Every structure is written in C-alpha cells, then in structure tokens.
Amino acid sequence: MAQFLQVFSRSFSSSSSAMAQIKHVTVIGSGLMGSGIAQVAAATGHNVALVDQTDDILSKSMANMNKSLQRVAKKKFADDPKGGESFINEIISRIKTETDPTVPAANTDLVIEAIVENLDVKQKLFKSLDEAAPQHTIFASNTSSLPIGDIAASTKRLDRFGGLHYFNPVPMMKLVEVIRTPDTSDETFKSLVDFGKAMGKVTVECKDTPGFIVNRLLVPYMLEAVRLMERGDASPRDIDTAMKLGAGYPMGPFELADYVGLDTTKFIIDGWHEKFPENPLFQPSPLLNKLVSEGNLGMKTGKGFYSHKK
C-alpha cells in the first residue's frame, strides 16, 4: 500500500506540474541545432539558459546567433533600423549562458538536450540533471537517431521524458517531431506539443521508433539511391535529376546526403543496423563506408558524392 501511495503521489504531482505553461527552458549544446532552438525559444517569449562546455564556445554561438537575428531584423524592420535593434536586443536579453548544466536545471521547466549523438554521453548528462532538476521539470532530447527510451533509462522521471526533434536550420524549418515513449505521461506529452506550438512550429506526433517519421523514411531512401548507384543502374546526377523533376523533391538523394553529411548518414544507419540486423532497409553501404573512411563527408569537407570545392 505504501508503495502504491508513493507511486500515486509522484504521478499526481508530476502530472499537475507538467500541465503548467513552460516558461523557463534550458538548452544543452550550443551548436547549430542548440543555438537555433535557443534563438527561437527566446524569440517566442521564453527565458532560455544555453549551456556548453566553455565560455569561448558559448561566445561564438551567441555571436552567430546575433548575426542570424540581424538577417531577420533586416527583412522584418527594413524601414525601421531602431526597431530592428530593439528586436535583436530583446531576444538576446532572454538568453543566459552557463557552462555547468546543473545550475540552470535547478530552476527550469524544460531541458532540451542537443549534444553529440552518443548514448553514453547523453545518459551521463541526464543522470546528473535528474538529480539537480525539480520534480516538475520535463526532459527532452533532440536526438535524430537514438531511442528516446534508452536515453531516458538513466533517469528516474520516465513519465516526464520525451523527444523534441527539430530540423536544421531551426529558425527556418517549421517542423518539430514530438516523440513519446511507452512511459511518457499524457500530461508531459501535451506540454511538449504545446511548447512546440508556442515556438511557432508545426508539430507531428510519433512513437519512439527508429528515426521517428522523417529520418525513418529519408535515410533508407538515401541508402537505396546509393545501392542503385552501386549496382551501376544509374549515376548520382541522373538519380538526383529524376527525383527532383519526377517526384518534385527540392534536392536529390545524393545532394541531400552531401548536405547532411555522409558521416552522419553512416552513423544513423550503422546504429539501426546494429539494433535491427535483419531489416534490409538498414543494411550498410560499402560505398558510403569507403567515402567516410577516406574523409569525404560531403559539403563540410568539400567532397562527398560530388565535389563542392570552389
């Protein structure tokens, strides 16, 4: 009976708190994704703590964010430079930086993790945050390939854990996938959906399945294009042209793979293959493995399936 009352009490307190509006957000990781999430959250009236390993990294991130906001202000306030300046200052004023994630976690409604795609690193982070954050705080990962449930397993708040998968660049891309595990409470899930909408995003809901919606369809599609090339059935250029003109896609699969990063694509498919080795959609590509081993990762290295050197 005592155990039942303890579980009931915890469920009731976390559920009622999770329904409260999310006002304070902690974003961990200040790379392109993390800084983009922080920027949009601040622009939509949320108080944000942006966390990374060093002050130098955070300073560079804030400088890049300022440049991004200047581009927005230039369009939005073309005839009102002072208004544009106020617009930028107001957003930046809502963002504080910190190198210790447990400090802002002690006073936040939502933690969004956007760090390296490494399960052990994410689990260690959330374990420390779980001890620092209040009971009502919701945890979310921006992972694009790792199971949310595996990340959440390092905490004692499985009912207050979900996924918020944004797309790059966050200020431009309207979509956010909201992910629930079997343990995510209805109240937590609703809070995450409401938060996504409050950021001005279009939300789609998905269970904790590999790749969620977009990547589950997109990554096997890119790999099937590579296999088509490996068999000698068609060239990358012709495959890209066919998908753009025949299917109406803005980019072909090889152009997209180079843009995303061949190492990223390989990391995702390797992880899925390890967990589901019998699934033919998740079979690795010898050509992709070769390109990555040679350091040809796509646009970021100047060469992938195509040459991007100027």
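Select Val25 and Leu110: Leu110, in strand 4, is the bridge partner of Val25. Helices (H or I, at least four residues) and strands (E, at least two) are DSSP runs, numbered from the N terminus. This is a predicted model, in which local features need pLDDT of at least 70 and side-chain atom pairs count only at pLDDT 80 or more, while totals for chains, interfaces and linings use all residues. Residues are numbered from 1 along each chain as its sequence is written, and side-chain values use heavy atoms, with hydrogens and water left out.

**Stop 1: strand 1 and its partners**

Stay with strand 1, residues 24–28. Four bridges join strand 1 to strand 4, and the two run parallel. Now add strand 2, residues 47–51, which also runs parallel to strand 1 and is joined to strand 1 by five bridges. Two strands pair if DSSP finds at least two bridges between them. Click on Thr26 to find Ala49 of strand 2 opposite, then on Ile28, which stands opposite Val51. Four of the five residues of strand 1 are buried; buried means under 20% relative accessible area, exposed over 50%, and partly exposed in between (1.4 Å probe, protein chains only).

Add helix 2, residues 32–43: strand 1, helix 2 and strand 2 make a right-handed β-α-β unit. Right-handed means that, with the strands pointing away from the viewer, the path from the first strand over the helix to the second runs clockwise.

**Stop 2: the whole sheet**

Show all strands of the sheet. In what order do the eight strands lie? The open sheet runs 3-2-1-4-5-6-7-8, with mixed pairing. Strand 3 (95–98) and strand 8 (202–207) stand at the edges with a single partner strand each, so one side of each has no neighbour in the sheet. On average, neighbouring strands are turned by 25° against each other, direction ignored.

Next select helix 8, residues 186–198, which packs on the sheet and touches several strands, including strand 1, strand 4 and strand 7 (175–180). The direction of helix 8 makes about 175° with that of strand 7. Such axes are lines fitted to C-alpha atoms, for helices over the stretch in contact, and angles run from 0 to 180 degrees between N-to-C directions.

**Stop 3: the cores**

Select Leu50, Leu110, Ile112, Leu164, Tyr166 and Phe195, which have the most contacts inside the largest nonpolar core, a set of 34 residues. A nonpolar core is a set of buried Ala, Val, Leu, Ile, Met, Phe, Trp, Tyr and Cys residues joined through side-chain atoms within 4.5 Å. Helix 2 gives the most to this core, with six residues. Another core, of 21 residues, lies apart from it, and includes Val226, Ile269, Leu288 and Leu291.

**Stop 4: helix 11**

Move to helix 11, residues 253–260. Six of its eight residues are buried, so helix 11 is largely enclosed by the rest of the structure. Which helices cover these buried residues? Among them are helix 9 (214–230), helix 10 (236–246) and helix 12 (262–275). Just after helix 11, Gly261 takes a positive phi of about 115°.

Finish at Phe254 in helix 11 and Phe305 in the segment after helix 13 (286–293), 51 residues apart. Both Phe254 and Phe305 are buried. They form an edge-to-face aromatic pair, 4.8 Å centre to centre with 80° between the planes. Rings of Phe, Tyr and Trp (its six-membered ring) pair if their centres lie within 6.5 Å; planes under 30 degrees apart count as stacked, over 60 as edge-to-face and the rest as tilted.

Definitions and conventions. Contact means heavy atoms within 4.5 Å.
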